[in-house]
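Colleague: I am new to this structure and would like a close look at a single part of it, the one that you think can be described in some detail. Please also say how that part is linked to the rest of the chain.

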Amino acid sequence: MSLVIRNLQRVIPIRRVPLRKKIEIVRSILGVQKFDLAIICVDNKNIQHLNRIYREKNVPTDVLSFPFYEVTATHGLCHLLGFTHSTEAEWQKMHQKEKLVLDELNLRAGTRLQPLSRGLF
């Protein structure tokens, strides 16, 4: 079980140690200690972008949660297969491959996952 906390915004100071302790208490209460968890704090612009991609709602929201491991695994495997996104042409190839894989996963698993590289260029 791991807990990752990232602060990618600068508006609200995040004190990681107290936040980590409180999250561990909540996990204990809910009985979910065996799951990996990542908390990423972003600004309104970035959460709105993610909300638009994953929920088709073009507004900021207070929280988004989803099993991101399928997306990150797909993205990582594409990199291991030699795909990159350093240029727009490379991004288009990688985005197409990620989309193909995730579209098939969405059909089979009933999810609505999108490539990590979406909107990069």
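**Helix α4 and its links**

Modeller: A search of the whole structure turns up zero disulfides. The model is a predicted one. Two cysteines can be placed all the same: Cys41 is buried, at 17% relative accessible area, and Cys78 is buried as well, at 4%. With zero disulfides found, I turn to salt bridges, of which the structure holds three. They lead to the part I have chosen, helix α4, which covers residues 88–109.

Begin with its length. Helix α4 has 22 residues, and at 1.5 Å a residue it should span 32 Å; the C-alpha atoms at its two ends are 30 Å apart, which agrees with that figure.

Next, its two sides. The buried residues in α4 are Trp91, Met94, His95, Glu98, Leu102 and Asn106. Around the axis they cover an arc of only 105 degrees, so they sit on the same side of α4. The general rule behind such a pattern is that an α-helix has 3.6 residues a turn, so residues three or four places apart point the same way. The face of α4 turned away from the buried side carries the exposed residues Lys93, Gln96, Leu100, Leu107 and Arg108.

Now the salt bridges within the helix. The side chains of Asp103 and Lys99 meet in one, at 3.1 Å from N to O. These two are four residues apart in α4, so about one helical turn separates them. Asp103 counts as partly exposed because its relative accessibility is 31%, and Lys99, at 32%, is partly exposed too.

Another salt bridge joins Arg108 to Glu104, with their closest N and O atoms 2.8 Å apart. Arg108 and Glu104 are likewise four residues apart in α4, which means that about one helical turn lies between them. Here the two partners fall into separate classes: Arg108 is exposed, with a relative accessible area of 70%, while Glu104 is partly exposed at 37%.

Just after α4 comes Gly110, which takes a positive phi of about 70 degrees. The segment after α4 also holds Arg112, and this residue supplies the link you asked about. Arg112 forms a salt bridge with Glu56, the closest N and O atoms being 3.8 Å apart. Glu56 lies in the loop between α2 and α3 (69–80), so the pair ties together parts that are 56 residues apart in sequence. Glu56 counts as exposed, at 63% relative accessibility, and Arg112 as partly exposed, at 49%.

On the far side of that link, Glu56 brings in Asn51. If neighbours within four places in sequence are left aside, Asn51 is in contact with Glu56, Lys57, Val59, Pro60, Thr61 and Leu64. Asn51 itself lies in helix α2, residues 44–55. Asn51 has 0% relative accessibility and therefore counts as buried. A polar atom of its side chain lies 2.9 Å from the backbone oxygen of Val59.

To put the part together: α4 has its buried residues on the same side and exposed ones on the face turned away from them. Within the helix, Asp103 is paired with Lys99 and Arg108 with Glu104. Beyond its end, Arg112 reaches Glu56, a residue in contact with the buried Asn51.

Note on methods
Residues are numbered from 1 along each chain as its sequence is written. This is a predicted model: local features need pLDDT of at least 70, side-chain atom pairs count only at pLDDT 80 or more; totals for chains, interfaces and linings use all residues. Side-chain values use heavy atoms; hydrogens and water are left out. Buried means under 20% relative accessible area, exposed over 50%, partly exposed in between (1.4 Å probe, protein chains only). A polar contact is a pair of N or O atoms within 3.5 Å; within protein, one must be able to donate a hydrogen and the other to accept it, and residues adjacent in sequence count only if both atoms are side-chain atoms. Contact means heavy atoms within 4.5 Å. A salt bridge is a side-chain nitrogen of Lys or Arg within 4 Å of a carboxyl oxygen of Asp or Glu. The expected span of a helix is 1.5 Å times one less than its number of residues. The arc is that of the directions from the helix axis to the C-beta atoms. A disulfide is a pair of cysteine sulfur atoms within 2.5 Å.
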